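Grab a pencil and work through these exercises one at a time. Try each task yourself before you read its solution.

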Amino acid sequence: MKKELQKEKIITGVLAAFAILTVILGIFYMGGDFGKVLLWWGVLLVLGVINMPLIYMMFSRFSDFGWAFSKSIGLALSAWLMWILSSTKIMKFSQPGCIFVCVLLLVLNGLLYFFCYGKKQKKISFTHENINSILWVEIIFLAMFIFWSYLRGCRPEAYGTEKFMDFGFMKIMERSEYMPPQDLWLSGQSLNYYYVGQFVGSFLSKLSGIGVEYGYNLMLMTIAALSCALIFSLVRNCFAQLTFEKIKNVRVFGVIAGIISILATVFAGNGHYIIYGMLRPWLQKFTGAEVSSFQFWNSTRYIGYEPDVPDKTIHEFPSYSFILGDLHAHVINIIFVLSVLGILFAWLLYRRDLMKNSKKYSIVQEIFTPHILILGFLIGFFHTTNFWDYPIYYVVCGAVILFSNIVLCNFDKYSIVMTAIHGVLIFAIATICCLPFTLAFNQISTEIKFCENHTPFYQLTILWGIPIFTVVLYIVNMIYRNIREGAYKDARHMKPVARFFGTMKSADLFMFVLGLCAIGLTFMPEVIYVKDIYEGDHSRANTMFKLTYQAYIMYGIVIGYAVMKMFVQGKGMIRRCCVLISILVLLTLGYFGNASKTWFGEYANKDTYKSLDATDFMETECYADYEATNWLNDNIEGTPVVLEANGDSYTFYERVSTITGLPTVLGWRTHEWLWQCEANGDLPEIVSEREEDVRNIYTATDVNVAKEIIEKYDISYIYIGKCEYEKFPEMNMDFLRSLGEVVYEITTDLTISGQMMEKTTYIIETNR
């Protein structure tokens with residue numbers, strides 16, 4: 001006993017030393033920005049501690065008491081509460097409001113602790129094992145947060161791909177007092193998109209006082225780092241439920257399993273990198289042929305592109321997202337879908353213990369558990385953050401609950417009834433939690449159709465062969481061992497279906513369900529797709545993207561657990577298969593090295609680090625716009641409308657509305673087309689009408705026409721700069737200046753249509 005205690009103390013000391021070393025390296029490499037990183041981390045730490053009584057109720061059977069989940073669930077609860085109060089106009093979205101909801105949650109959790117654990121016999125006690133488990137997940141989070149923040153600081157700009165949209169959402173919400181905010185690219189209209197994920201980032205930015213300029217990157221890196229901690233905690237605690245003959249210290253293997261799952265989920269690429277990023281270049285070089293180039297985004301655009309066929313698809317995964325840097329809906333939701341998976345496993349453990357103590361069992365305890373209530377909340381939360389995850393994880397919840405009820409109730413009528421009750425309760429809670437959002441939201445067209453195109457088998461094998469092989473091997477091996485050990489014979493009193501699942505341990509049942517769900521999500525885009533504006537060659541791109549992204553996360557979790565369990569239990573061929581899978585996963589880690597070096601440059605060099613300010617790029621991209629948008633941020637309060645030229649998606653157009661959070665008449669055309677899309681998929685009239693009005697005001701010669709448009713959209717300021725000169729070369733500057741007072745101007749050299757010329761950037765306050 002003394003030796004075990006001494007070992008625990010040594011582990012504690014080593015972990016604490018590693019944490020200190022990580023902080024020292026952060027200070028050295030990040031300089032002044034590191035203070036913001038620590039402040040952000042501290043705010044998340046406080047949010048987690050505040051909500052620990054609730055988290056402990058759900059995760060008391062975890063060795064770390066759900067420490068990592070306290071951050072993600074605490075963040076979801078506090079941000080949602082602020083969003084609800086703001087959406088119902090009860091409280092303004094402000095820093096005092098954010099602090100208030102945290103204090104409110106502190107009080108509620110304090111009451112929960114007092115009534116549930118106030119008695120001496122129910123007090124929460126921490127052993128050295130618990131402390132070390134908490135240290136493990138906290139130090140993983142801190143170390144990964146510092147690492148990813150440093151990496152992001154090598155290329156911090158919120159510019160390119162979807163970043164303008166994501167940053168702009170956060171910026172306009174930072175300016176807004178109530179939700180929903182205006183659509184920054186369709187002034188006067190509510191934002192008709194799943195924006196609450198970006199609201200979470202704005203909430204943390206406002207609560208910490210750091211601001212969106214830094215909060216954008218810090219939120220993105222929070223997701224990357226917290227994903228590591230959540231995955232580690234979940235897999236390690238799953239593995240802790242196992243027992244092995246002649247092996248006493250299972251915790252070591254649980255740590256290894258958790259690390260493998262982190263690597264497989266957060267850092268790895270897919271099989272495409274092994275074939276096209278490693279094997280093909282090596283063979284070409286060996287044979288003397290011209291070496292084909294590999295770009296890291298090729299692994300997310302393979303089906304339909306290699307070879308080029310009219311079936312363009314998307315199959316992204318977390319490491320690509322974290323490197324690219326879009327704070328998009330599917331990325332933000334990663335930590336919350338991992339929270340759902342963690343709660344589901346914690347619920348399985350709770351149900352197991354509840355049924356063992358049948359004397360204390362009651363129907364109320366089984367139905368109205370904190371697990372089910374929070375699952376309902378999170379599923380409803382998904383309706384506002386990333387709608388695709390709403391049906392996906394409702395089904396995952398249903399599958400875990402159903403199989404659990406089959407085991408516990410011997411697949412009788414009661415198991416079906418209980419599953420239905422749980423399903424209805426989760427759906428009802430979810431509906432209530434997202435009600436303010438759904439009432440203000442016009443559902444984007446979602447027609448389900450059968451696929452006309454299908455992926456060639458070899459491409460499916462390249463992309464998904466490793467995880468599918470792992471899942472199938474794990475399931476077959478588990479069935480074989482149960483047959484060999486006579487587990488099914490010992491459960492002959494159970495019905496066949498219940499016997500199959502009843503012989504599984506809770507962790508095995510959980511991983512079995514995740515594996516099957518992942519395989520289902522992988523093949524579903526081969527059967528059906530959701531119709532949107534991207535028809536024709538890209539008809540199933542979005543469906544494959546959203547479904548396989550979640551499949552990738554589930555596969556990554558299962559891989560670490562399954563490989564380590566089979567390796568410890570197995571012999572001969574099974575162990576060799578586990579080694580092969582591990583090698584293949586390690587090879588896919590080369591994707592992270594290739595992608596990060598391509599995107600961030602030589603980030604091992606301290607001089608590569610720039611800043612965590614997402615808006616710094618404006619100074620070099622266009623100095624005049626940089627100074628003018630700074631003036632707007634410093635001098636304009638609220639959300640008055642600023643007219644700027646509208647342009648195509650993924651361009652520098654809409655830089656004013658994005659950087660300032662001030663709404664404009666019309667922004668990125670394709671995005672607004674999608675958000676306002678009608679059933680027929682045609683360009684919405686509101687978009688085409690505004691396109692014409694923007695052009696008319698910049699090219700007007702009739703003062704009455706111009707003033708009519710200004711009044712129509714309540715335009716407070718007209719912006720004239722690089723993009724406006726480029727799009728509307730026929731502008732009459734004297735006429736536009738006559739529409740109001742020039743409140744800001746700066747004359748610089750601008751590159752217009754490829755030519756350098758001296759131009760003045762204006763901000764005109766209109767005479768309304």
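**Exercise 1.** With which residue does arginine 155 form a salt bridge? Then sort the two partners into buried or partly exposed.

*Solution.* Keep in mind that you're looking at a predicted model.
- Step 1: The partner is glutamate 157, and the closest N and O atoms of the pair are 3.2 Å apart.
- Step 2: Arginine 155 has a relative accessible area of 26%, so it is partly exposed.
- Step 3: Glutamate 157 comes out at 17%, so it counts as buried. The cut-off you need here is 20%, since buried means under that value.

**Exercise 2.** Find the salt-bridge partner of arginine 655, and work out which network the pair belongs to.

*Solution.*
- Step 1: The side chain of arginine 655 meets that of glutamate 644, at 3.4 Å from N to O.
- Step 2: Arginine 655 sits in helix 29 (residues 655-660), while glutamate 644 is in the loop between strand 5 (641-643) and that helix, so the pair links parts of the chain 11 residues apart.
- Step 3: Check the surroundings: arginine 655 is buried at 0% relative accessible area, and glutamate 644 is buried at 0% too.
- Step 4: Through shared partners, salt bridges join Asp625, Glu644, Arg655 and Glu724 into one network. For the wider picture, the whole structure has 21 salt bridges.

**Exercise 3.** Glutamate 162 is buried yet has no salt bridge; how far away is the nearest side chain of opposite charge?

*Solution.*
- Step 1: Locate glutamate 162 in the loop between helix 6 (128-153) and helix 7 (163-175).
- Step 2: The nearest opposite charge belongs to arginine 301, which is 8.1 Å away. A salt bridge has to be within 4 Å, so that pair doesn't qualify.
- Step 3: Look for other partners: the side chain of glutamate 162 makes a polar contact with the side chain of tyrosine 650 (3.1 Å).
- Step 4: Beyond its neighbours within four places in sequence, glutamate 162 also has contacts that include Asp326, His328 and Trp668.

**Exercise 4.** Does the span of helix 31 agree or disagree with 1.5 Å a residue, and where do its buried residues lie?

*Solution.*
- Step 1: Helix 31 has 15 residues (685-699), so it should span 21 Å; its end C-alpha atoms are 21 Å apart, which agrees.
- Step 2: List the buried residues: Val687, Arg690, Asp693, Val694, Ile697 and Tyr698.
- Step 3: Seen down the axis of helix 31, these buried residues fall within an arc of 125°, so they line one face.
- Step 4: Recall the general rule: an α-helix has 3.6 residues a turn, so residues three or four places apart point the same way.

Key. Residues numbered from 1 in each chain as written. Predicted model: local features only at pLDDT ≥ 70, side-chain atom pairs only at ≥ 80, totals over all residues. Heavy atoms only, no water. Helix = DSSP H or I, 4+ residues; strand = E, 2+ residues; numbered from the N terminus. Expected span 1.5 Å × (residues − 1). Buried < 20%, exposed > 50% of the residue type's maximum accessible area, 1.4 Å probe, protein only. Arc of directions from axis to C-beta. Lys, Arg positive; Asp, Glu negative; His and termini not counted. Polar contact = N/O pair within 3.5 Å; in protein donor to acceptor, adjacent residues only side chain to side chain. Contact = heavy atoms within 4.5 Å.
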